[in-house]
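Here are a few friendly notes to read alongside the model. They cover a helix pair, the nonpolar cores and the cysteines.

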Amino acid sequence: MSYLRFEKAVMTNLEESLRRELLRTNRSGAYSCSTIVDCNTRKYHGLLVVPVPEINDDNHVLLSSLDVTVIQHGAEFNLGLHKYQGNNYSPKGHKYIREFDCDKVPTTLYRVGGVLLKKEVVFQHYEDRILIRYTLVDAHSATTLRFRPFLAFRSVRAFTHENTTASRDYQAVTNGIKTCMYAGYPDLYMQFSKKNEFVFQPDWYRGIEYPKEQERGYDSNEDLYVPGYFEMPIKKGESIVFAASISPSKATELKKLFDNEVDLRAPRDNFFHCLVNAAHQFHNRENEDDRYILAGYPWFKCRARDTFISLPGLTLAIDEQDYFELVMKTAERGLREFMEGKPLTVKIYEMEQPDVLLWAIWAIQQYAKNAGKEKCREMYGKLVEDIMEYILAGKHPNLRLDDNGLLYSNGRDKAVTWMNSTANGRPVVPRTGYIVEFNALWYNALRFCASLAADEGKAEAAEALEKRAEVCKESFVNTFLNEYGYLLDYVDGNMMDWSVRPNMIFACAFDYSPLNQDQKKSVLDVCTRELLTPKGLRSLSPKSGGYNPMYVGPQTQRDYAYHQGTAWPWLGGFYMEACLKLYKRTRLSFIERHMVGFEDEMNYHALGTIPELFDGNPPFHGRGAMSFAMNVAEILRSLKLLEKYTYQK
């Protein structure tokens, strides 16, 4: 039995099937996404969603969906499904679904009387082309298929409505048509592997509704344009391939292209393989030279902090060191441009955030453990030195090194940490001054760089860094450790934040910590008692003021809950690392049990991946973006650590 497989009972129950989403990407920024019954529930959903850099930085929904109708003896059976205003679903094609399987490629089996139709979908790697193969598995009489495309031609952040501006023009191409609704957009090519008849029958389908947008307090209705339909006969055992793309397809080669793409797919037959597949979906190749890590789907771009936190887990933890090096090559260019005050030529956002340089060093430190220090010095030794020199020289606009050895950052008016939600233009959590994870990162960086210098025979430089580390260590303990055995979240003069937050876990998890063993155990115990959930660490303890664990409601309500009690799996990854470092093999079974909580998520939300965050209270519903890079990365890194400690002698 397949790992990701759903029977008819789940597929025909919209309460169950509409909450499960399916994401496919081309590793170049484009994606295809909907629910497992092909009913779009978000404005971000679409069969072909692509970047259109000529317009803006957003992705754009070109082809929203494709309805297929089975025709026999003049009777029509539409297999599509759309939600309209007033909670009306039409044409209710989900009732014909017999089963759904997502092992290698998403496969839906429909039964209409004596007709058994199989649909398989792949997104071509590095091309903006979605491919769908329809196979008539069984039929007792002549069968015709009719395909009706629903077009949007809009940003994922907007809606389209019936208008007179939209162009109805189309041109015939081999086995299909090309069309473009608005100036500035690329042509959309819709072609088949088999000759067909296109019937021009333009119409707007009005009042299509997206319930996920309703939940989030946004507008939720739009109209979609249907230019007409394609029709062709199909014989028992025959396969027909449909392609939607922004460039022409070779119709005669579509079947072969589909087979080749299937051969490239690895099966999602267990928890680990699902996560590996999810990791690859974050890959983004802008051109032959630049490689990026997208922070998440469907709305995140490449963000600097997310890149460096997730890079080791998404690459090194699955033995893909080469992709680490490709991404770091692009990121290094961006880091150097930032430090030199030049305009960025890379598409990495938020490079100016004060902890980005520190997370870059942490990522390189993980590379050193994987590839060896000698290789690390060869690849990134100069970069690490330049970053340290930049910080020590006080060149960063919002990262000041004080005489006490701690780093100070101003976050009163603008969010500067990963807890970056804002309301009314102000940070919801205004973390400022001496921020606990910034200084844990700084101490770790000092010691790591000292070890690199020592290994290279630079004794004087190593000694200077070690002295700085000792000053930082003493100040860190004096500043952050309180009498209750946990760490203050930030300290700014007389302002001390006593909230119990997960940011202190990094001081226990990093290879070099300013805390001694007893202090680390005390911090870990507080995290275990007050922050640990089956889905990661809460962003705030239930005992702290302002606890708000449910990420629901309108945008403002969710902004206030974002870091006030919601649970984050990526923080759980560092928690598990701290557990293993402190308690070694005695915590293996505990961590293995914890991993089960994440494996359960493979069949919910977006299949085979991990969403952005979870409610901090039971039943810990997944929320936010359907797939989040840092979460997938840290679970993969935790699995690698688990394997290491399991087989450690």
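1. Helix α6 passes α17 in a left-handed crossing (the near helix is turned anticlockwise from the far one by less than a right angle). α6 spans residues 304–314 and α17 residues 629–646, and their axes come within 7 Å, crossing at roughly 35 degrees. On the α6 side the contact (heavy atoms within 4.5 Å) includes D306 and I309, and on the α17 side E634 and R637 are among the residues involved. By class, 8 nonpolar, 2 polar and 3 charged residues make up this contact.

2. A word on the basis: this is a predicted model, where local features need pLDDT of at least 70, side-chain atom pairs count only at pLDDT 80 or more, and totals for chains, interfaces and linings use all residues. Numbering runs from 1 along each chain as its sequence is written, and side-chain values use heavy atoms, with hydrogens and water left out.

3. Do look at the largest nonpolar core (buried Ala, Val, Leu, Ile, Met, Phe, Trp, Tyr and Cys residues joined through side-chain atoms within 4.5 Å), which has 214 residues, with I505 and F574 making the most contacts inside it. Helix α10, residues 436–455, gives the most to this core, with 12 residues.

4. F574 is worth a closer view: among the residues it touches are I309, I505, E634 and R637, leaving aside those up to four places away in sequence.

5. Why are there 0 disulfides (cysteine sulfur pairs within 2.5 Å) by this rule? Take C39: the closest cysteine sulfur, in C33, is 12 Å from its own, too far for a bond. Likewise, the sulfur of C449 is 9.3 Å from that of C376, its closest, which is also too far.

How values were computed: Axes fitted to C-alpha atoms, helices over the stretch in contact; angles between N-to-C directions. Helix = DSSP H or I, 4+ residues; strand = E, 2+ residues; numbered from the N terminus. Nonpolar A, V, L, I, M, F, W, Y, C, P; charged D, E, K, R; others polar. Buried < 20%, exposed > 50% of the residue type's maximum accessible area, 1.4 Å probe, protein only. Disulfide = S-S within 2.5 Å.
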